[in-house]
Structures are given as structure tokens and as C-alpha cells.
Amino acid sequence: MKLKLNLQKDPKHTELVSCVGWASTNELYSVSDDHQVLKWDYQKDETSSVVQLPKETYATDIHWFPTGMMGSKKHSSHSEQFVLSCTDGKFLLVSRIGRVEKAVEAHKGAALGARWSYDGTALLTYGEDGAVKVWSRTGMLRTILAQSGSPVYTASWSPDSDQVLYASGKTLVIKPLQPSSKPFQWKAHDGIVLAVDWNGTNNLVISGGEDRKYKVWDSFGRNIYSSFLHDSPIASLSWAPDGQLFAVGAFNTLRLCDKTGWSHSLEKPNTGTVLKTSWTFDSTHFACACGNGQVVFAQVAFRRLEWKNLEATVMDSNNITVKDILNDSKEHLEFHDRIIKASLAWGHLVVATPTQCYIYNSKNWTTPATVELHVSAVNLIKQTEKYFLIVDSVSGIQIISYDGRPISTVKLPGMRMDSLSHKTISTAGNTIAIRDKREEKVIHMFDYLTGKEITEATIHHHMEVTSLALSNCNPSEQLLAFVDRNEDLYLSQLKGYTVGTAKKPVSLGSMVSSICWSDQGSLLAGMQDGCFVVWCQPAIAYVDRDLIPLTTIKKQGSEFSKSPQLIQFVGNHCTLRRSDGILITTSVSPFPGMLHQLASAHKWEAAMRIVKEPMLWACLIACAASARDLETMETAYAAINEIDKVQLIREIRNLPSRERQSAELAMFCRQAHQAEAIYLQAGMVFRAIELHLRLFNWERALEIAVKHKTHVDTVLAFREKYLQEVGCKETIVKFNEYNKQITIDWEKVAAKVSAEEEKERT
């Protein structure tokens, strides 16, 4: 990936350009010390003057009011204005045509910056007087958020607009808007911090300062990346809205960096200090305000996409080259409109432009399917084997088939679609999983065919979820893996849509930083405490947790370096990107994937023929439990010398009815609720009651007996016997009530139990 720079032969400004800001993807406004506000048409390469500022007014920052919030036009009356902060301590609210709507005295000394919140409800200013202030949209002071003893050179809003990040000397401070909340701060640099930015999509912070370094932080102040020393202080930096890239500016230096910190491209334009950088809404290019009067346009080019034997390169804003490395063939694709987003997977290339979405099949590059788009910026494209989804702020999440047919639209009320990223939305099979930005502990599930939420399958975790991924399995076998704020990895097993529920999440491990499912669906890869780990059959956690270590492959090695990220897992090959940007590939045994495919086809004999080691026998146990094949489970447990479990499986096999076998297998897998449901659905009320008596779940046993008006005396009898054995008195109110009404007769109880057993045998 590289930058293509566009510099003017003759600068339009005669003095240094202090700030730049995009009004739309093609329209840029620049402000200079020559007091001119110029409008640039990026597509037509034209420039016009908007307004001449007063001679005593020198601008320090410009920021356009955010438009199209949450897919609505709620703030449309304010979308045509921008804010200018000035050296005289004022900030100006200015219309698109250059009319100053309001001037507000904000700071003593220069106002060094002004930023609208992501939701457009508030305005942040900061200045030489060390004050950080929050204003209403109309310019009314709401609060003085902080008062520092030194100038505040930079500040930024949090993604949810309820916190502010600002720099105080060498320190970064996060201050919540709530008056009683305490600020959180940490030393970030060895020199004064000059620039920060907090991304609304990936929730990461970047900072740069006079120590000539830029750094990447998470929202808890943990350092992710620290750069080497540059030749001059870092004067500016800014995130691309989609959170994948950021730009860094210094003296005669412009750098394009990945979100994890490593550098894609370094340019050395002769422009003096790059004072400000500003990205377009679609993250395809950005503009720079430079010390010599230049306004530099930088376009991101040579983006490379890979999938199996295909490699697609976005050469520039209108051209893509596709190469097949198997036959060394090349295809050149040209587009009339600017390319916003592109994705390559599952044998299809999906390209989004401002007006259309092009869908190419790898078998036919000449006639793509097309879909009309009604937005200027697509935030995200996610592909599955049968369909793909497009995320934008206006239409929400559109589900589209590869032949160009719209399937459904997903809309989650109140959610900012531009906050979704590859880590917070996942789709596979019939399911779409989304982490709620408003409540980060909640994961919502949607049906791709209807776009409707499956409310019964919603997961409420006890801690904020940072990333999630759905497996590429059949709906009845589908798994959701997610990582929370403590870097603990959890697994949730989803059921079919007829039930629409998810099993309680179970923990697979801790200190997990990155996860990725294989395209075959059964293998889950992750980076755990610096090691590359593959869970060959994660579903074993719902069958026999003792076998989790046996089904896990762990690779240790210095080649992974610090904090690598998993890119893709195709077949038995996993691609990782190290913290220095280098791509490395590692492989695992192909047999777990082959075993899963054979088990999915119920080819148990063929599956057992390829099993030669304990790890594969343990994987086979999980597959057989999912298919309720007790014979295969018994054979597999015997192969790994789990004699006690062999005996238990044999007892389950000898039960007289299929329903009892299924229910007891569910109990073997620690799924008491499922076992109860099987018994009740089969009309075996006594067995459902007996199940809870075995678990000493007395209240639930009594509840079932009363509801079905049978075996109430049986429950009371076994409860009384239990209390006599432990030497305790009855303390449960309901049992005391029914003991007064019913006389326990053990002969009748024994006769009823015998009758139930005889009924099952016949």
C-alpha cells in the first residue's frame, strides 16, 4: 500500500495553511494565515475563494459538523456549517457559503482547536489557557471540563461522545463528562504531546509529540505500538474513519500507517511542516495543511486483497488488477466512479463505488452483477459463502446475494453504523452477530433471510465484548467465539432458528488477543499469550471440558513477534501479520478439518480410519455427541482410555427409549435444561422430575410436578428422605405448604415409580 501525492505547482495560499477539513468526499475547505478560506473541488481540480477573514483573525483548526448521524437527517439544519477556532480566543460558527453565524469568546489566549462530538450534540474547545470546555451546538457554554496548568495543544472525543481525551504536557488524560467522575491519565511521551486522535470505529488512540515519536494506545492506556525516533516532532496525525489506517505528519514527512502502528508508506514532500491532516468520510484519501502554503492531497493506492490463489490490487481510485497465481493470468478492471471499498473472498470480488456495487465471479471477470447504491460512503463489506453484506450509515446493513439480488436489510435502532468494524460484526451461515455499541456487553443475533433480530439468542455478557467471530458451520452446529475486555475467550453454541436460542457461553482461555475461524468452520485459531493456538474442536467444551487441552494445538516461536494479528485461516494454513507489518504463514494438521467434514456427512467408519492419535479421537467425540452417535462416542472414549466414561456411555446406550438416550446424553454434556425439555416434549414427566431430584434441584422438581398434576407426593417423599439423611429441617415455604396438604405414603410412591418404569419398558 502506498500514497499518491498531488501537489500544486503554484500554491493557492500565500502563507502557511493552518488547517483543512472535508465538507464532502470531493469538497475540501482550507484556511491560511493569509486570511483566505478556499474551497477545493478534488474531482475537478478547481479552487474558489469562500470568504476573506478579518486581518486580526488567524485560524488554528476547522471541523465540519457531522452529517447523517445514525442514518437520519436529525441534524440537517446544522450540516451546512463548520467551526473555526482562532488565535484571539474565539471560535466561529461559519456556514458553507462563508457567512459567520456566531462568534464566541471561548479562551484567554489562543483557542488551539475545536471538535464536534461524533453524535453532533456538543462542541469541544481547548486553548492556551489550559482550559477544556464543552459547548452546545449553538455555542452556549455547558461546562469547563478541565483546567490544566499548561496549554492544551490537542484533544479528541471518545467514540460514544461521553468522554474527552486531552493532552497536558507529557500526559494524556481521559475525562468523563459526568461531573463526579474521576479522570484517568498516564504518561504518554517524553516530550510535550502535540497531537492525539481517538477513532470511533476501533476505539484506539494515537498520539504524537515533541519526543519525535508516535504511539498507538487502547482506551485503557495500554501501549500497543511505539515508533522509532523521527527527524522532527510529530506535528499532526489523524485516523481514517473506518479505523484501518492513520496518517502522521512532521517536517517534510508524511507517513501512512496501519492501525497497529507499522508503516505502509513514507513520503518526503518538500512542504515544510505538515500542520494538520484530514480524511474523507470514505477513508480513500486525505488532505494536508502545510507550512509552505501547500495543500497536499494524498490518495491511498495499491491496496492488496488475497484469497487462496487470487490476488486483487486496487491500483488507484478507478482501477483494479486481479491476478491468478496458478495460471499467471491477469485481469484489469476499470470503473467510472471512485472505488470506495473492495473485498475478495469465497471466489467473488465485491467493489463498492458511490453509486453502484459490482460483484465479480472469479470464473467470469467480464460481466459483473450490479446493485444500485444510494449512499456516498460504504463503511464495511463482509462476505460469506452464499452472500455478502454492506454496511452504511443511511441504509443500515444490506444483505445481498452474489447474483445481485437484495435479500434483506438489518437495522438496529439507535446504533451508529459507522462504528461497526470487522471485529464487532460477523456473519456466517444463516446468522449475523453484532456487538451493541451502546451496550458493549450485549451481542445481538439476526436472521439473514428476514433481517429480523432473534431476541431469544441475544447474549448478555458480564463484561464488555471487544471482538467476535461466527464459525462457517451448519446452523445446528454454529458457534460464536468472542473476546472480552479482559482478553478472555468465550464460546457460545447456537441452535437452529426453530428454537432461536444460544447456549450459555463457556470459557476457552485467557490472554487471547486475536481470533479467526477456518473457512471449514471447525477450527478456531487465536493468539494466546504470545503463542499461536488452534482449538481443533471447540465444541468439545459443551461435551467434555476435560478434553479441551487434548484438542488444542499450541505453537511457540519468536517468528510471531509481539502482538501479531490473524488475517485469514483457509484450509489448514493461517496467515498472520506481525507488529512490524510482515506477513507470515503457519500451518496445522489437515486431519481435524477432514474429520469434521466426514462427521458432518455421517461417514463414521471413514472418519475413524483417519484417526491415529488421541487429539483426533477427542475431536471425534465432539462430532459424535453433536450427531448423538453413542456407539462412535464409546469407541473414541475407549481409544483414549477414559474407562469410566465408556461405562457411562454404555449405560446410556442400553436405555429402552431413544428419548431417554438423548436426554441422558444431554445430562452427560452438562445440559440439564435441554434434558428436561427432551423429557417434557416426549411426555415423560416423571423422568423430568427425577432428573431434578438427582440434581437436588428440589424447587424445580416440585414446580414440574404441580404443573403437570402428577408425582407431587414423590417429590415430597424424596425431599423428606434427604432431610432425614442430612439431619436438617424443611426451610422451603412451598414444601411446607404441600406437606400440610399431602400425606406421604412410601408404598404408593414406590408403586407409582414402578408403574412408570414398566410403562417405559412396554
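**Strands, sheets and unusual loop residues in a predicted model**

V534 stands opposite I553 in strand β52, and this pairing belongs to an open sheet of four strands that is described below. The structure is a predicted model, in which local features need pLDDT of at least 70 and side-chain atom pairs count only at pLDDT 80 or more, while totals for chains, interfaces and linings use all residues. Residues are numbered from 1 along each chain as its sequence is written, and side-chain values use heavy atoms, with hydrogens and water left out.

The protein contains 12 helices and 55 strands, where helices (H or I, at least four residues) and strands (E, at least two) are DSSP runs numbered from the N terminus. Along the principal axes, its C-alpha atoms fill a box of roughly 105 × 70 × 45 Å. Of the 762 residues, 56% are buried, a term that stands for under 20% relative accessible area, with exposed meaning over 50% and partly exposed in between (1.4 Å probe, protein chains only). Among contacts (heavy atoms within 4.5 Å) between residues at least 6 apart in sequence, 44% join residues at least 24 apart.

The open sheet of four strands has the order β49-β50-β51-β52, with antiparallel pairing, two strands being paired if DSSP finds at least two bridges between them. Because β49 (512-517) and β52 (552-555) stand at the edges with a single partner strand each, one side of each is left without a neighbour in the sheet. From one strand to the next, the twist averages 20°, an angle based on axes that are lines fitted to C-alpha atoms (for helices over the stretch in contact), with angles running from 0 to 180 degrees between N-to-C directions.

Within this sheet, β49 is joined by five bridges to the antiparallel strand β50 (residues 524-528), and here C516 stands opposite A525 of β50. Strands β50 and β51 also pair in the antiparallel sense over five bridges, with V533 of β51 as the bridge partner of G526. The hairpin of β50 and β51 has two residues between the strands, and in this hairpin D529 takes a positive phi near 50°. Four bridges then join β51 to β52, again in antiparallel fashion.

Strand β51 (residues 531-535) is largely enclosed by the rest of the structure, because five of its five residues are buried. Its side chains follow two directions, since C531, V533 and W535 point one way and F532 and V534 the other way. In a regular strand the side chains alternate between the two faces of the sheet.

A further open sheet has three strands in the order β53-β54-β55, with antiparallel pairing. Here β53 (565-570) and β55 (583-587) stand at the edges, each with a single partner strand, so that one side of each lacks a neighbour in the sheet, and the twist averages 25° from one strand to the next. Strand β54 (residues 573-577) pairs with β55 in the antiparallel sense over five bridges, and R577 stands opposite L583 of β55.

Most residues other than glycine have a negative phi. S161, however, has a phi near 60° and lies in the loop between β14 (155-157) and β15 (163-168), where S161 is buried with a relative accessible area of 10%. W346, likewise not a glycine, has a positive phi of about 55° and is found in the loop between β33 (341-345) and β34 (348-352).
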